[in-house]
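Subject: Structure handover

Hello,

Here is the model we talked about, with my notes below it. Please read them with the structure open.

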Amino acid sequence: MTIQEKIATLPFVDIGRFHADPAERAAFIADLRRILFDHGFFYLTGHGVDPKLIADVLATSKRFFALPLEEKLKIEMVKSPHFRGYNRAGYERTRGQQDWREQIDINTEGTAVEITPETPAWKRLLGPNQWPEAVPELKPLLLAYQAEVTRIGIDVLKAIAVALGQPEDAFAQIYEPQPSQLLKIIRYPGREVAQTDQGVGAHKDGGFVTVLLQDTVEGLRVQTEDGVWIDAPPVPGTFVINTGELLELATNGFVRADVHDVIAPPAGVERFSVAFFLGSRYDATIPVIDLPEELKIKERGITVDALNPIFREVGQNHLKSRLRSHPDVARAHHADLLTPEQLAGEAIAEAY
Ligand SMILES: O=C(O)CCC(=O)C(=O)O
Ligand SMILES: [Fe+2]
């Protein structure tokens with residue numbers, strides 16, 4: 001199969017059409033509405049991100065991953081109460097199976113909040129990032145890139161709101177003034193290291209939308225609604241956008257959050273990607289959007305209780321999943337939030 005045949009199964013969305021004249025914009029919205037119901041994944045074009053910024057982010061990330069392990073461990077995540085920093089390959093699992101990828105997690109650059117017993121627990125997520133001294137250019141580049149993918153993510157979200165028959169700012173009440181901006185630079189080592197084909201196991205992403213930059217090596221796969229796995233190989237000049245669980249919840253399953261995974265590259269090959277997860281404010285509660293009748297009849301429903309407010313409290317859920325994903329960080333910094341079982345159990349990191 002050629003690359004063209006493979007990607008024929010995932011649609012392309014040119015976000016430039018959202019800013020075109022009214023007739024073109026209306027045609028775009030009609031197209032997007034169809035795409036959103038059928039697919040949780042699409043390729044984004046017309047986004048206007050400077051190709052030089054993209055090239056610099058990838059090249060500089062590769063320089064970080066090429067550092068000796070001891071240098072990378074200087075910013076290991078366990079040093080950050082805010083779940084920021086480096087995780088080495090083979091230390092995370094998805095559904096019990098080892099993931100083979102190393103990564104740096106970055107989020108909104110901030111200062112730590114003083115934590116008292118009265119402080120909402122999610123405020124522990126706020127704080128500074130950890131940056132590598134050995135590659136000082138990484139900080140300004142990733143912060144510039146984070147700003148750009150935030151702009152794109154919000155633009156796509158506005159288009160999605162309009163496609164759902166809502167005003168374009170329908171979600172602004174839960175992302176303004178500060179959305180969550182988790183950015184990961186990721187390296188997947190080849191199978192001679194991984195000794196399994198699991199780069200990252202099957203999962204859904206949690207936020208509004210994910211803006212994914214892939215370098216040149218394929219490996220990303222998406223499960224369609226009928227259960228078939230299709231490839232989502234890199235296409236130069238595009239981002240892969242996938243809609244997350246927050247939108248699935250908000251639309252009672254009209255919008256899909258597709259399960260996806262990454263296959264580890266062949267022996268001797270490494271794969272790089274940069275994933276950006278746009279989420280709402282941490283103190284937001286996910287609303288249920290009242291879709292127009294012609295869309296409402298196509299809602300699929302969701303597997304959790306749609307009206308249970310616990311599932312809809314973003315910060316609390318995010319902190320819970322971070323504590324589960326990174327038990328070493330949880331024990332080092334948040335032991336007061338853990339159950340005796342969590343404190344006693346094996347400290348295995350869960351990616352999702
Ligand atoms: O690396 C990729 O291509 C995708 C990564 C991913 O799905 C994730 O980190 O959630
Ligand atoms: Fe993902």
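Start with Arg187. It has 21 C-beta neighbours inside 10 Å, so it counts as buried. Bear in mind that this is a predicted model. Arg187 sits in strand 7. Beyond its neighbours within four places in sequence, Arg187 is in contact with Phe65, Arg101, Glu102, Glu270 and Phe272. Ala202 is 15 residues from Arg187 along the chain, and their C-alpha atoms are separated by 17 Å.

Next, the ligand. Which residues surround ligand 1? The shell consists of Lys184, Ile186, Val200, Asp205, Leu212, Gln214, Leu220, His260, Val262, Ser273 and Ala275. Four elements give two or more residues each: strand 7 (180-188), strand 9 (209-214), strand 13 (260-263) and strand 14 (271-279). By type, the shell residues are six nonpolar, three polar and two charged.

On annotation, UniProt has the feature "domain: Fe2OG dioxygenase" at residues 178-280, from an unreviewed entry. Over residues 178-280 the chain is 45% strand and 10% helix. The C-alpha atoms at the two ends of that stretch are 8 Å apart.

Now two helices.

Helix 3 covers residues 51-65, which makes 15 residues. From first C-alpha to last it reaches 21 Å, close to the 21 Å expected at 1.5 Å a residue. Its buried residues are Val57, Leu58, Ser61 and Phe64. Seen down the axis of helix 3, these fall within an arc of 120°, so they line one face of the helix. The face turned away from the buried side of helix 3 carries the exposed residues Pro51, Lys52 and Ala55. What covers the buried residues of helix 3? The cover includes helix 5 (138-163), strand 7 and strand 14.

Helix 11 runs over residues 314-325. Its twelve residues should span 16 Å at 1.5 Å a residue, and the end C-alpha atoms are 16 Å apart, which agrees. Buried in helix 11 are Val314, Gly315, His318, Leu319, Arg322, Leu323 and Ser325. They cover an arc of only 165° around the axis, so they are on the same side of helix 11. These buried residues pack against strand 14, helix 12 (327-333) and strand 15 (349-350).

Strand 14 therefore turns up in several places in these notes: it gives residues to the shell around ligand 1, it is part of the cover of helix 3, and the buried residues of helix 11 pack against it.

Last, the backbone. Most residues other than glycine have a negative phi, and most peptide bonds are trans. Here are some exceptions to check.

- Glu176 and Pro177 are joined by a cis peptide bond, with omega about 0°. Pro177 lies in the loop between helix 6 (172-175) and strand 7.
- Phe83 has a positive phi, near 60°. It lies in the loop between helix 4 (69-72) and strand 3 (85-87). Phe83 counts as buried because it has 25 C-beta neighbours inside 10 Å.
- Asn252 also has a positive phi, near 50°. Its place is the loop between helix 8 (245-250) and strand 13. With 20 other C-beta atoms within 10 Å, Asn252 is buried. The cut-off for buried is 20 or more.

Best wishes

How values were computed: Residues are numbered from 1 along each chain as its sequence is written. Chains are lettered from A and ligands numbered from 1 in the order in which they are written. This is a predicted model: local features need pLDDT of at least 70, side-chain atom pairs count only at pLDDT 80 or more; totals for chains, interfaces and linings use all residues. A residue is near a molecule or strand if its C-beta atom, placed from the backbone, lies within 6 Å of it. Ala, Val, Leu, Ile, Met, Phe, Trp, Tyr, Cys and Pro count as nonpolar, Asp, Glu, Lys and Arg as charged, and the others, Gly among them, as polar. UniProt positions are given in the numbering used here, feature names are shortened, and annotations may be inferred rather than shown by experiment. The expected span of a helix is 1.5 Å times one less than its number of residues. A residue is buried if 20 or more other C-beta atoms lie within 10 Å of its own, exposed if 12 or fewer, and partly exposed in between; C-beta atoms are placed from the backbone. The arc is that of the directions from the helix axis to the C-beta atoms. Two residues are in contact if their C-beta atoms, placed from the backbone, lie within 7 Å.
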